[in-house]
Amino acid sequence: LSETEIQIIKDADLSIEQQKVCDCFLFQIYTGQRFSDMQQLSPDQVENHMWVFRSTKTDKLMHIPFVGWTAEAETIAKKYHYHFPQYTSQYFNRALKLICKNAGLDTRVRLTRYQGIKEIIIDKPKYKLVSSHTARRTAVSLLLAKGVPPTVVMKLTGHTDIKTMMKYERTTTE
């Protein structure tokens with residue numbers, strides 16, 4: 001997602017429940033963290049504008065400073081007293097698609113994937129492709145576009161291999 005699309009989502013007219021899902025998604029965008037790690041946020045993990053936690057997937061100790069781009073994440077987390085509503089990933093992703101659809105993120109996206117030598121073309125409105133993992137891709141793309149060094153982005157996202165992290169990067173025309 002572009003910063004313009006993020007703003008469109010933020011400005012959307014949402015129900016109370018949709019706003020909670022949206023806030024969780026925005027927190028992920030601003031921190032670059034996985035859905036499972038956002039869901040485990042607790043007040044005891046935050047001190048002096050720093051979120052320190054052990055990644056659910058990798059068991060790696062993570063330090064996410066709430067400064068610069070990530071400062072907005074702390075503002076969102078404070079609304080929930082550093083404890084987000086708990087969702088299944090399936091519910092969260094369905095709700096997220098509906099939020100993005102209602103916000104008008106319906107530009108057609110054409111992706112080419114390969115299964116061996118077989119080319120697979122995916123052509124769908126953008127909202128159908130949005131999931132919790134989109135937040136992580138968005139964070140990497142925007143941080144790199146803002147000139148944040150790849151090594152710093154890797155520290156924030158927990159990537160240990162630049163090739164893996166660069167798979168997340170999506171350059172936009174914006």
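**Group meeting: salt bridges, a small sheet and two unusual residues**

Let me start with Asp 23, which is buried, because its relative accessible area is 3% and buried means under 20%. Before going on, please keep in mind that this is a predicted model.

What does Asp 23 meet in a salt bridge? Its side chain meets that of Lys 79, at 2.7 Å from N to O. The two partners sit in distant parts of the chain: Asp 23 belongs to helix α2, residues 16-31, and Lys 79 to helix α4, and they are 56 residues apart.

As background, side chains of opposite charge can pair when their charged atoms come close. In this model the count comes to five salt bridges. I will show two others.

One of them joins Lys 146 and Glu 3, with 3.1 Å from N to O. Lys 146 lies in the loop between α7 (132-145) and α8 (150-157), while Glu 3 is in helix α1 (residues 3-11), so this pair ties together parts that are 143 residues apart in sequence. Are these two residues buried or partly exposed? Lys 146 has 43% relative accessibility and counts as partly exposed. Glu 3, at 36%, also counts as partly exposed.

The other is between Asp 37 and Arg 34, at 4.0 Å from N to O. Here Asp 37 is buried, and so is Arg 34.

Next, the sheet. Strands of a sheet pair through backbone hydrogen bonds, either parallel or antiparallel. Ours is an open sheet of three strands, in the order β1-β2-β3, and the pairing is antiparallel. The edge strands are β1 (46-47) and β3, since each pairs on one side only.

How many bridges join β2 to β3? There are five, and the two strands run antiparallel. You can follow this on the screen: Arg 54 has Leu 61 in β3 as its bridge partner, and Phe 53 stands opposite Met 62 in β3.

Now look at the side chains along β3. In a regular strand the side chains alternate between the two faces of the sheet. In β3, Met 62 and Ile 64 point to one face and are buried. Leu 61, His 63 and Pro 65 point to the other face and are not buried.

Last topic: backbone angles. Most residues other than glycine have a negative phi. Which residue in the hairpin of β2 and β3 takes a positive phi? That is Asp 59, with a value near 65°, in a hairpin that has six residues between the strands. Asp 59 is found in the loop between β2 (50-54) and β3 (61-65). With a relative accessibility of 49%, Asp 59 counts as partly exposed, because exposed would need over 50%.

Tyr 82 is also not a glycine, and its phi is positive, near 60°. Where is Tyr 82 found? Its place is the loop between α4 (71-79) and α5 (89-102). Tyr 82 counts as buried, at 14% relative accessibility.

To recap the two angles: Asp 59 has a positive phi of about 65° and is partly exposed, whereas Tyr 82 has one near 60° and is buried. That is the end of my part.

Methods: Residues are numbered from 1 along each chain as its sequence is written. This is a predicted model: local features need pLDDT of at least 70, side-chain atom pairs count only at pLDDT 80 or more; totals for chains, interfaces and linings use all residues. Side-chain values use heavy atoms; hydrogens and water are left out. Helices (H or I, at least four residues) and strands (E, at least two) are DSSP runs, numbered from the N terminus. Buried means under 20% relative accessible area, exposed over 50%, partly exposed in between (1.4 Å probe, protein chains only). Two strands pair if DSSP finds at least two bridges between them.
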